Structure formats: structure tokens, C-alpha cells
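Let us walk through this fold together, starting with the sheet and moving on to the aromatic side chains and the loops.

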Amino acid sequence: MNSALRKKLGVVKGAPFKAHIAYDPDTGNIGLARPGEVSVGDEVVPATFDRNRYYATVRGFMRRFSPKLGKYVYIERQNNWYAFRHQETEAPPTFTEMVPPRKRTRKKAGPPEPTE
């Protein structure tokens, strides 16, 4: 978790913290929220992020939802959930069927004409 997100979440430097992680199968977005800021069932256990690298073990989440692997970018905050979308989905479309224009080639100069 990068420092900008930790700042938004109010994480104290060098301290572990907890956060709920959610997945929206319709959009492929991942949500992140602090406990107490969102309404979730009592059976939902927040992930614990360590104090050194701010990593969390989310094996159960990954097995259950199988989100696309890769980088996710922040898109919005709604109802105290921070939403993240996969970088490929957020990036502008590429036009692979378009062919770039050909480079102009210069005519090579032939041997100089003999002078008499």
C-alpha cells in the first residue's frame, strides 16, 4: 500500500492497521474501507496490514473472487469505500488495428557522374 493511500486512510506510520476489502464482480473494482466507517456484517473480518511494509494476507479473498492480477488505481470514494480499478481497465483504449504511417525513405545518391 503506497504512502498516499495510507495518508488518506489516516494510518499512523509504523503501526499496523485493519481495513475491509471488497470486490465488485460487475465492474472488477476492489474496495477498501476502515472498520467502523462502513456497515458490514459481524461475520466480516477486516484484513490486518503489517507495520513494516503495509502488506496484508488476502489469500481467502483472492481464492473467492479471483480478481485480475496487476496494478489497481484509485478512482473514487463512495460511502466511505475507496474504489480501485485495474490499470488496464482505466487506461485509454489502444488501437492495435491502426497501422502507423510509413516512414519516408530518401533515395540513395548514386555514384557521382564522371566529369571530363
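Before we look at how strands sit beside each other, one convention helps: two strands pair if DSSP finds at least two bridges between them. Keep in mind as well that this is a predicted model. With that in place, take strand β2 (residues 29-33) and strand β5 (residues 81-86): the two run antiparallel and are joined by three bridges. Because at least two bridges are needed for a pair, these three bridges are enough for β2 and β5 to count as paired. If you would like a landmark within this pairing, find Ile30, whose bridge partner in β5 is Phe84.

Now step back to the whole chain. The protein contains three helices and five strands, and reading along the sequence gives the pattern α-β-β-β-α-β-β-α. In space, the five strands make an open sheet with the order β3-β1-β2-β5-β4 and antiparallel pairing. The edges of this sheet are β3 and β4 (72-78); each has a single partner strand, so one side of each is left without a neighbour in the sheet. On average, neighbouring strands of the sheet are turned by 35° against each other, direction ignored.

Strand β5 also pairs with β4. Here six bridges join the two strands, which run antiparallel. One residue to look for is Val73, which stands opposite Arg85 in β5. The two strands β4 and β5 form a hairpin with two residues between them, and Asn79 in that turn has a positive phi of about 55°. Such a value deserves a glance, because most residues other than glycine have a negative phi.

Let us turn to the aromatic rings. How many aromatic pairs does the protein have? The count comes to seven aromatic pairs. One of them is formed by Phe17 and Phe49: their ring centres are 4.8 Å apart and their planes stand at 5°, so the pair is stacked. Phe17 belongs to strand β1 (residues 17-24) and Phe49 to strand β3 (residues 47-49), so this pair ties together parts that are 32 residues apart in sequence. Are these two residues buried or exposed? Phe17 is buried, with a relative accessible area of 5%, and Phe49 is buried too, at 7%.

Another pair is made by Tyr23 and Phe65, and this one is tilted, with 5.6 Å centre to centre and 40° between the planes. Tyr23 lies in strand β1 and Phe65 in helix α2 (residues 59-65), so the pair ties together parts that are 42 residues apart in sequence. Phe65 has a relative accessibility of 29% and counts as partly exposed.

Phe65 has another residue to show you. The C-alpha atom of Pro25 is separated from that of Phe65 by 7.8 Å, although the two residues are 40 apart along the chain. Pro25 itself lies in the loop between β1 and β2, where it is exposed, with a relative accessible area of 62%.

Back at the stacked rings, there is a third member to add: Phe17, Phe49 and Tyr54 form one aromatic cluster. Tyr54 lies in the loop between β3 and α2, yet it is buried, with a relative accessible area of 6%. Its backbone is worth a look as well, since phi of Tyr54 is near 60°, a positive value in a residue other than glycine.

Ser66 offers a companion case. It is found in the loop between α2 and β4, and its phi is near 45°, again a positive value in a residue other than glycine. Unlike the buried Tyr54, Ser66 counts as exposed, at 53% relative accessibility.

One more ring involves a charge: the charged end of Lys8 sits over the ring of Tyr74, 3.7 Å from its centre.

Finally, consider the protein as a whole. Of its 116 residues, 23% count as buried. It exposes about 10,000 Å², and carbon and sulfur atoms supply 51% of that area. Among the contacts with a separation of 6 or more, 53% are accounted for by residues 24 or more positions apart. The Phe17–Phe49 pair, with its 32 residues of sequence separation, and the Tyr23–Phe65 pair, with 42, let you see links across the sequence for yourself.

How values were computed: Residues are numbered from 1 along each chain as its sequence is written. This is a predicted model: local features need pLDDT of at least 70, side-chain atom pairs count only at pLDDT 80 or more; totals for chains, interfaces and linings use all residues. Side-chain values use heavy atoms; hydrogens and water are left out. Helices (H or I, at least four residues) and strands (E, at least two) are DSSP runs, numbered from the N terminus. Buried means under 20% relative accessible area, exposed over 50%, partly exposed in between (1.4 Å probe, protein chains only). Contact means heavy atoms within 4.5 Å. Accessible areas come from the Shrake-Rupley method with a 1.4 Å probe; for residues, only the protein chains shown count as cover. Rings of Phe, Tyr and Trp (its six-membered ring) pair if their centres lie within 6.5 Å; planes under 30 degrees apart count as stacked, over 60 as edge-to-face and the rest as tilted. A charge sits over a ring if NZ of Lys or CZ of Arg is within 6 Å of the ring centre and within 35 degrees of the ring normal. Axes are lines fitted to C-alpha atoms, for helices over the stretch in contact, and angles run from 0 to 180 degrees between N-to-C directions.
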